[in-house]
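Open the model in your viewer and keep the selection tool at hand. The stops below say what to select next and what is there.

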Amino acid sequence: MAKHITIPKNFMTIFIVTFFMSNALATTLLPPNDIADRFHNDSETIKIASSDFGHIVQEIPAAVFYPNSIDDIASLVKYAYNNSVPINVAARGQAHSTWGQSLARDGVVVNMTSLENRLNGSGIIVSSDSSLGSYADVGGEQLWIDVLNTTLQYGLSPVSWVDYLYLTVGGTLSNAGISGQSFRFGPQISNVYELDVITGKGEFVTCSPKENSELYYAVLGGLGQFGIITRARIALEPAPKRVKWLRLFYSDFSAFTRDQESLISKNERRDNKALNYLEGMLLLNQGPQDLSFYPVSAYARINSLVTKYGIIYCLEAAKYYYDDRESRVEKELLDLLKGNLGFLPDFMFEKDVTYMEFLNRVRSSELFLRSKGQWEVPHPWLNLFVPESRILDFNSGVLKNIILKQKIPAGIVLIYPMNRNKWDYKMSVVIPDEDVFYVVSMLHSSGFNKWEAYDNQNKEILQFCDGAGIKVKPYLGHYETQEEWINHFGSKWESFRARKALFDPKMILSPGQRIFNNNWGV
């Protein structure tokens, strides 16, 4: 951990001017005195801020900014905006981007985690009122695991999650925030009542569907292009105690997707008989399987099954319950599963775990990988939204004829459907124009000299989809040109561009997304 030594303001001011001018930014305005000592440029701090979870792209910032308050962030952005040559600013939480999206070459990276305890001693405040019910006001810098821990103390919980909870609230809301709950409750951005945002002009704005709604809809899923989220008001509901957690194996992809789509058709928010979570994953004949979920006695027959078919499709489902409702939940699960699903009858596996254990299920894998030195490695991920009408073609053309045939160890591959009607079209995020679409996530890990093979495979997958007319939409994607971004946003591009001109006219926010720059214009 780098030591951040407080530097006298006059020395820091000289540093800022000298450093920015040396990077051809021609800084003419001095930063306000009250934030001058918030900038750091020691080598370790700069090194950390130059890379992200992907460990593929490196962009060296001029400095890292450690705010003590929201006002500090507003002052910084206002300073960057008013400078004769605007200075790029990127908000950094856990930097879980994989292609440099959270970086700011020659600009300023804002270390959002330095705000962790600024809301009356806590960045998470649980409240309720007659119109909204229960909710939590959460700092954009807060981790979802801390939101869970805090709300559980009140017997409450958000309803829409991400698979990995050690991400910041502002980070996931800037993208969408998806997981197996999204088919029923929508992505995380569909469960936000209100936001506080620092725009690209340095203005502090509270926004909601009824107040400053254009900014509200722009920021949610807006890839950090319109403002820095400093607070989100998140919907809460009573928290369950335990979870029935199932995995069902399929050798037939058609049966696998048919059953997934049937299960997510029961998706009313208040339907207690519906599933709370549904995802899917692949078991590929490409080396050792992660079988930690399953009983040791089943290892041999699972490996034999995967060897026989090459790909096994695993449907993963969960039903939440309170301690006194276990028998009722067992019956509801049986009603959902009996006679209608096409899984292999001898390959149904069940666990009963606490609600916390289920939501925080990825943590143990992270700790294991960290212990082996396999966490801070390149992650050439590819996440796609695939139209339901072409998912069978995607299976044959991509899963079987590219991923399986090339025998590059694929790591984790997730595949599961979502309902379009759980998303709000007015928000910035782009999804396929079909009632049901699939999430396909290829979560690769590699050595530092081997990530190009996965990148080449990713490009081949996208080229196949383009040639086959499968209109996929990358999620957490990256492009090299604005033309590619225009194609990505499609009919939303003009409103996206107009919102950029309105809220960040000098294009200083989140430069690592590579959507806008000073040559393209808005």
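Two strands pair if DSSP finds at least two bridges between them. Helices (H or I, at least four residues) and strands (E, at least two) are DSSP runs, numbered from the N terminus. The model is predicted: local features need pLDDT of at least 70, side-chain atom pairs count only at pLDDT 80 or more, and totals for chains, interfaces and linings use all residues. Residues are numbered from 1 along each chain as its sequence is written, and side-chain values use heavy atoms, with hydrogens and water left out.

**Strands β16, β17 and β18**

Select β17 (residues 412–419) and β18 (residues 436–443), which run antiparallel and are joined by eight bridges. Within this pair, V413 stands opposite M442, and I415 stands opposite V440. Buried means under 20% relative accessible area, exposed over 50%, and partly exposed in between (1.4 Å probe, protein chains only). By that cut-off, seven of the eight residues of β17 are buried. In β18, eight of the eight residues are buried, so the strand is largely enclosed by the rest of the structure. Colour its two faces separately: V436, Y438, V440 and M442 lie on one side, F437, V439, S441 and L443 on the other, and all are buried.

Now add β16, which pairs with β18 in the antiparallel sense over six bridges. Here N383 stands opposite S441.

**The second largest pocket**

Stay with β16 (382–387), since it is one of the elements that give two or more residues to the lining of the second largest pocket, along with α14 (451–468), β19 (473–474) and α15 (482–489). A pocket is an open set of points on a 1 Å grid over the protein atoms alone, where a 1.4 Å probe fits, with protein on both sides within 12 Å along at least five of seven lines; lining residues have an atom within 4 Å of a point. The volume, which is the space filled by probe spheres set on the points, is about 1200 Å³. Of the 42 lining residues, select V472, K473, P474, Y479 and H488, the closest to the pocket centre. Helix α14 gives the most to the lining, with eight residues.

**The nonpolar cores**

Next, select L195, F249, I302, F394, L399 and I461, which touch the most other members of the largest nonpolar core, a set of 133 residues. Such a core is a set of buried Ala, Val, Leu, Ile, Met, Phe, Trp, Tyr and Cys residues joined through side-chain atoms within 4.5 Å. Strand β14 (residues 311–321) gives the most to this core, with nine residues. A second, separate core of 22 residues includes A80, Y81, I228 and L509.

Centre on L195. Contact means heavy atoms within 4.5 Å. Leaving aside neighbours within four places in sequence, the contacts of L195 include L173, V205, Y216 and I229.

**Strands β1 to β4**

Move to the open sheet of four strands with the order β1-β2-β4-β3 and mixed pairing. β1 (39–40) and β3 (89–92) stand at the edges, each with a single partner strand, so one side of each has no neighbour in the sheet. Strand β2 (residues 63–65) pairs with β1 in the antiparallel sense over two bridges, and H40 stands opposite V64.

Finish at G100, in the loop between β3 and β4 (108–111). G100 counts as buried, at 3% relative accessibility. Not counting residues up to four places away in sequence, G100 touches D52, V57 and G512.
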